[in-house]
Amino acid sequence: MTRSSVLNHRWARALSLSAAASLALAVTAYPRGLMHDGIALDHSLLSLLMWGMSAGFVHGVGFDPDNRWLRLLLGPLVAWPLLLLGWGLFVRNYLS
């Protein structure tokens with residue numbers, strides 16, 4: 001299996017979709033989870049988290065853009081690290 005076929009496998013798409021949907025649900029249901037000591041998250045960092053969720057949804061539903069730059073920017077290699085960052089921030093701020 002080539003690298004691109006591994007990332008387009010059913011389990012990889014399910015992982016992207018479930019991570020993006022669960023983070024979106026967590027942020028919507030408890031937005032204070034992104035605050036640290038009463039200080040809101042920086043807008044540039046929040047934009048990165050939204051990009052990660054968007055890329056996770058795009059990859060998760062199986063859409064593959066024709067444009068190679070969009071395929072890269074909305075693919076799992078970008079989505080997964082940003083989703084991990086989002087979950088890490090959410091859990092860190094929620095537990096503190």
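A salt bridge here is a side-chain nitrogen of Lys or Arg within 4 Å of a carboxyl oxygen of Asp or Glu. In this predicted model, the side chains of Arg-13 and Asp-64 satisfy that rule, with 3.1 Å from N to O. The salt-bridge count comes to 1. The protein has 5 helices and 0 strands, and 32% of its 96 residues count as buried.

**Overall architecture**

- Along the sequence, the elements follow the pattern α-α-α-α-α.
- Taken along the principal axes, the box filled by the C-alpha atoms is roughly 45 × 25 × 20 Å.
- Among contacts with a separation of 6 or more, 78% are between residues 24 or more positions apart.
- About 6200 Å² of the protein is accessible surface, and carbon and sulfur atoms hold 68% of that area.

**The salt bridge**

- Arg-13 is in helix α2, whereas Asp-64 is in the loop between α3 and α4.
- The pair links distant parts of the chain, with the two positions 51 residues apart.
- Arg-13 counts as buried, at 12% relative accessibility.
- Asp-64 is partly exposed, with a relative accessible area of 39%.

**The largest nonpolar core**

- This core has 14 residues, and those touching the most other members are Leu-23, Val-27, Leu-34, Leu-41, Leu-49, Leu-83 and Phe-90.
- Helices α2 (10–29), α3 and α5 each contribute at least two residues to the core.
- Helix α2 gives the largest share, 5 residues.
- Leu-41 has contacts with Leu-34, Leu-46, Leu-49 and Leu-89, once its neighbours within four places in sequence are left aside.

**The loop between α2 and α3**

- Leu-34 lies in this loop and is buried, with 6% relative accessibility.
- Not counting residues up to four places away in sequence, Leu-34 touches Val-27, Ala-40, Leu-41, Leu-46, Leu-49, Phe-90 and Asn-93.
- Between Leu-34 and Leu-46 the C-alpha to C-alpha distance is 8.8 Å, at a sequence separation of 12 residues.
- Gly-33 is also placed in the loop between α2 and α3, and Gly-33 is buried at a relative accessible area of 0%.
- Leaving aside neighbours within four places in sequence, Gly-33 is in contact with Leu-89, Phe-90, Asn-93 and Tyr-94.
- The C-alpha atoms of Gly-33 and Tyr-94 are separated by 4.8 Å, although the two residues are 61 residues apart along the chain.
- Phe-90 and Asn-93 are among the contacts of Leu-34, and both are also among those of Gly-33.

**Aromatic pairs**

- The count of aromatic pairs comes to 2.
- One of them joins Trp-87 and Phe-90, with 5.8 Å from centre to centre and 85° between the planes.
- Planes over 60 degrees apart count as edge-to-face, and the pair of Trp-87 and Phe-90 is therefore edge-to-face at 85°.
- Trp-87 and Phe-90 are 3 residues apart in helix α5 (residues 76–95), so about one helical turn separates them.
- Phe-90 is buried because its relative accessibility is 8%, under the 20% limit.
- Trp-87 is partly exposed, at a relative accessible area of 27%.

**His-59 in helix α3**

- His-59 is located in helix α3 and counts as buried, at 3% relative accessibility.
- With neighbours within four places in sequence set aside, the contacts of His-59 are Leu-7, Asn-8, Ala-12, Arg-13, Ser-16, Leu-74 and Pro-76.
- Arg-13, one of these contacts of His-59, is also the nitrogen-bearing partner in the salt bridge with Asp-64.

**Nonpolar surface patch**

- Leu-17, Phe-57, Val-61 and Phe-63 make a nonpolar surface patch of about 370 Å².
- Phe-63 sits in the loop between α3 (43–60) and α4 (68–73).
- Asp-64 of the salt bridge has its place in that loop between α3 and α4 as well.

Conventions
Residues are numbered from 1 along each chain as its sequence is written. This is a predicted model: local features need pLDDT of at least 70, side-chain atom pairs count only at pLDDT 80 or more; totals for chains, interfaces and linings use all residues. Side-chain values use heavy atoms; hydrogens and water are left out. Patches are made of residues with over 30% relative accessible area and no salt bridge: like charges are joined within 9 Å, nonpolar side chains (Val, Leu, Ile, Met, Phe, Trp, Tyr) within 5 Å. Accessible areas come from the Shrake-Rupley method with a 1.4 Å probe; for residues, only the protein chains shown count as cover. Helices (H or I, at least four residues) and strands (E, at least two) are DSSP runs, numbered from the N terminus. Rings of Phe, Tyr and Trp (its six-membered ring) pair if their centres lie within 6.5 Å; planes under 30 degrees apart count as stacked, over 60 as edge-to-face and the rest as tilted. Buried means under 20% relative accessible area, exposed over 50%, partly exposed in between (1.4 Å probe, protein chains only). Contact means heavy atoms within 4.5 Å. A nonpolar core is a set of buried Ala, Val, Leu, Ile, Met, Phe, Trp, Tyr and Cys residues joined through side-chain atoms within 4.5 Å.
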